[in-house]
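Open your viewer and get ready to click. This tour tells you what to select next and what is there.

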Amino acid sequence: MTKKKFQEGIAVKKDENFSEWYTQVVQKCELADIRSGVKGFLVFQPWSVMSMEKMYASMESVLQRKGHKPYWFPTLIPEVNFKKESSHIGGFTPEVFWVTHGGDKKFENKYAMRPTSETLFYQMFAKWIRSYNDLPLKTYQRANVFRYETKMTRPFLRSREFHWIEAHCAHATEEDAFNQVKEDMDTTKEVLHDVFGLPFMFFERPSWDKFPGASRTFAADVLNPDGKVVQQPSTHMITPSFAKAFDVKFTDKDEKEKPAYLTCYGPAISRIFASVIITHGDDKGLKFPWDIAPLQVAIVPIQDDVKIKKKVEEMKKDIGKLYSVEVDNRDKRPGEKFHHWEMKGVPIRIDIGLNDLKNKQLTIFRRDLDKKEVIDEKDLMKKIASIAKSFTNNLIKKADKVFDNRIKDVKSIEEMKKSIKEGAIARCGFCSVEKDGEKCAEKVEKDVGAFVRGTKLDEKEKVSGKCIACGKKAKHIVYVARAY
Ligand SMILES: [Zn+2]
């Protein structure tokens with residue numbers, strides 16, 4: 001009996017074997033099934049889809065509040081669009097899935113399954129934008145995109161098909177475009193941190209690590225317990241050659257024709273979901289922030305009894321008016337059910353047995369603090385409301401603390417090696433984030449096995465000291481971490 005119970009739950013500790021922990025959580029919590037028959041393509045199961053639907057809703061409502069309008073663009077992109085801007089085609093070609101046939105007929109010109117949709121949006125921007133009155137044009141779409149990843153795929157973290165939002169904007173001035181980038185960073189904080197509970201740092205990527213087609217790239221890095229960072233949303237100032245190649249221009253107030261300034265922002269919901277699992281999960285399994293939990297309240301009747309049945313149905317009706325709720329009527333022992341809902345990361349579990357019924361009380365288990373409490377039956381709705389209010393904040397506080405403790409200042413390559421080995425993000429002086437600094441980044445990569453992630457836009461610290469790699473005077477403070 002004990003052996004069976006052991007196998008049902010997560011059988012490894014998150015800190016001891018993170019990779020195996022992740023695999024087990026994905027399988028045992030029924031988040032995704034990798035047996036679709038196509039490598040890197042997942043079957044997303046209800047427990048992940050229900051959460052990601054809420055994540056989409058949360059992100060889309062903020063985008064729309066900030067003036068973005070939703071679109072649905074085609075999945076296929078003509079090859080000619082793709083070839084218009086050279087850095088873009090150079091960067092993306094190795095990852096493109098090409099559609100070459102319609103039935104038996106070979107297409108004269110093949111189509112790309114969108115790896116990202118700049119080249120479709122900009123083609124339409126050129127048709128839609130006439131004057132300064134049309135700007136800013138703020139768009140977005142929720143879509144699945146396809147990339148032929150050659151690195152090892154991992155469910156949600158790196159797949160060949162993933163689900164994201166891409167926001168594309170056109171502006172009259174470079175300053176407006178940069179303000180859009182800043183707005184995207186605020187949106188990331190508002191949604192990823194404050195709703196999904198993810199701590200991250202936004203870096204401006206060094207020139208050698210920009211999005212293919214961007215003049216400046218800003219990206220949020222989230223840290224995993226194994227010390228590797230995962231890139232989450234990035235936002236880009238698109239190089240002027242794009243506007244030129246796609247003829248995106250407008251007539252300004254002075255009646256002169258000018259090229260528009262383009263930006264794009266890409267929160268990958270399915271990859272952000274990976275960070276939610278990883279950041280909040282523990283040895284028992286998942287923990288979901290309140291607003292994105294697939295289910296918020298589970299009710300477990302302790303005995304199979306008519307009076308209890310009647311009671312839980314009443315409770316379900318009341319709770320269901322405000323929150324998502326399920327009654328676990330399966331023919332299993334209460335202990336197994338407790339274990340199940342804890343593993344699944346349901347924020348609140350309510351247990352009710354015959355004794356409770358007699359005493360007009362209930363037991364409430366909250367997954368944020370892993371605490372049980374007996375309450376008066378009449379206080380139930382008040383109690384749920386109060387847990388709902390503090391639940392996500394409790395997860396955020398814990399995650400922030402872990403993240404903040406993982407940033408370490410280092411003064412030498414040796415110190416950096418040590419910190420990185422301990423799972424930290426290392427902070428140090430660096431000579432240049434332009435092309436001439438790439439050699440030093442390569443040295444760091446070779447000696448430490450970690451990457452220069454970039455500089456912080458709001459870095460207030462005064463830069464002093466020397467470049468960690470070449471010893472020249474430091475011009476920047478950079479952050480170095482291992483990455484997926
Ligand atoms: Zn250097």
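A residue is called buried when its relative accessible area is under 20%, exposed when over 50%, and partly exposed in between, using a 1.4 Å probe on protein chains only. With that in hand, a word on what you are looking at. This is a predicted model, where local features need pLDDT of at least 70 and side-chain atom pairs count only at pLDDT 80 or more, while totals for chains, interfaces and linings use all residues. Residues are numbered from 1 along each chain as its sequence is written, and side-chain values use heavy atoms, with hydrogens and water left out.

**Stop 1: the whole chain**

Select the protein chain. Its secondary structure comes to 15 helices and 23 strands. These are DSSP runs numbered from the N terminus: helices are H or I with at least four residues, strands are E with at least two. The radius of gyration is 25 Å, close to the 23 Å that the globule rule gives for 484 residues, so the chain is as compact as a globular protein of that length. That radius is taken over C-alpha atoms, and the rule is 2.2 Å times the number of residues to the power 0.38. Along the principal axes, the C-alpha atoms fill a box of roughly 80 × 55 × 50 Å. Of the 484 residues, 53% count as buried.

**Stop 2: strand β11**

Select residues 228-238, which form strand β11. Nine of its 11 residues are buried, so β11 is largely enclosed by the rest of the structure. Now look for its partners. Two strands pair if DSSP finds at least two bridges between them.

- Add residues 214-223, strand β10: it pairs with β11 in the antiparallel sense over eight bridges. Ala-219 has Ser-234 of β11 as its bridge partner. The two strands form a hairpin with four residues between them, and Gly-227 in the turn has a positive phi of about 85°.
- Add residues 261-265, strand β14: three bridges join it to β11, and the two run antiparallel.
- Add residues 476-483, strand β23: it pairs with β11 in the parallel sense over two bridges. Here Val-229 stands opposite Ala-483.

**Stop 3: Thr-235**

Stay in β11 and click Thr-235. Is Thr-235 buried or exposed? It counts as buried, at 0% relative accessibility. Across in β14, Tyr-265 stands opposite Thr-235. Show side chains: a polar contact of 2.8 Å joins those of Thr-235 and Asp-184. A polar contact is a pair of N or O atoms within 3.5 Å; within protein, one must be able to donate a hydrogen and the other to accept it, and residues adjacent in sequence count only if both atoms are side-chain atoms. Beyond four places in sequence, Thr-235 also touches other residues, among them Val-181, Phe-202 and Arg-216. Contact means heavy atoms within 4.5 Å.

**Stop 4: Phe-202**

Jump to Phe-202, in strand β9 (residues 201-204). At 12% relative accessibility, Phe-202 counts as buried. Its contacts beyond four places in sequence include Pro-233, Thr-235 and Leu-457.

**Stop 5: the zinc ion**

Select the zinc ion. Which residues are its protein donors? They are Cys-431, Cys-440, Cys-467 and Cys-470, each through SG, lying 2.3 to 2.4 Å from the ion. Donors are N, O and S atoms within 2.8 Å of the metal (3.2 Å for Na, K and Ca); water is not among the atoms, so sites may look incomplete. Along the chain, the donors follow the spacing C-x8-C-x26-C-x2-C. Finish with two of them: Cys-467 is buried, at 4% relative accessible area, whereas Cys-470 is partly exposed, at 36%.
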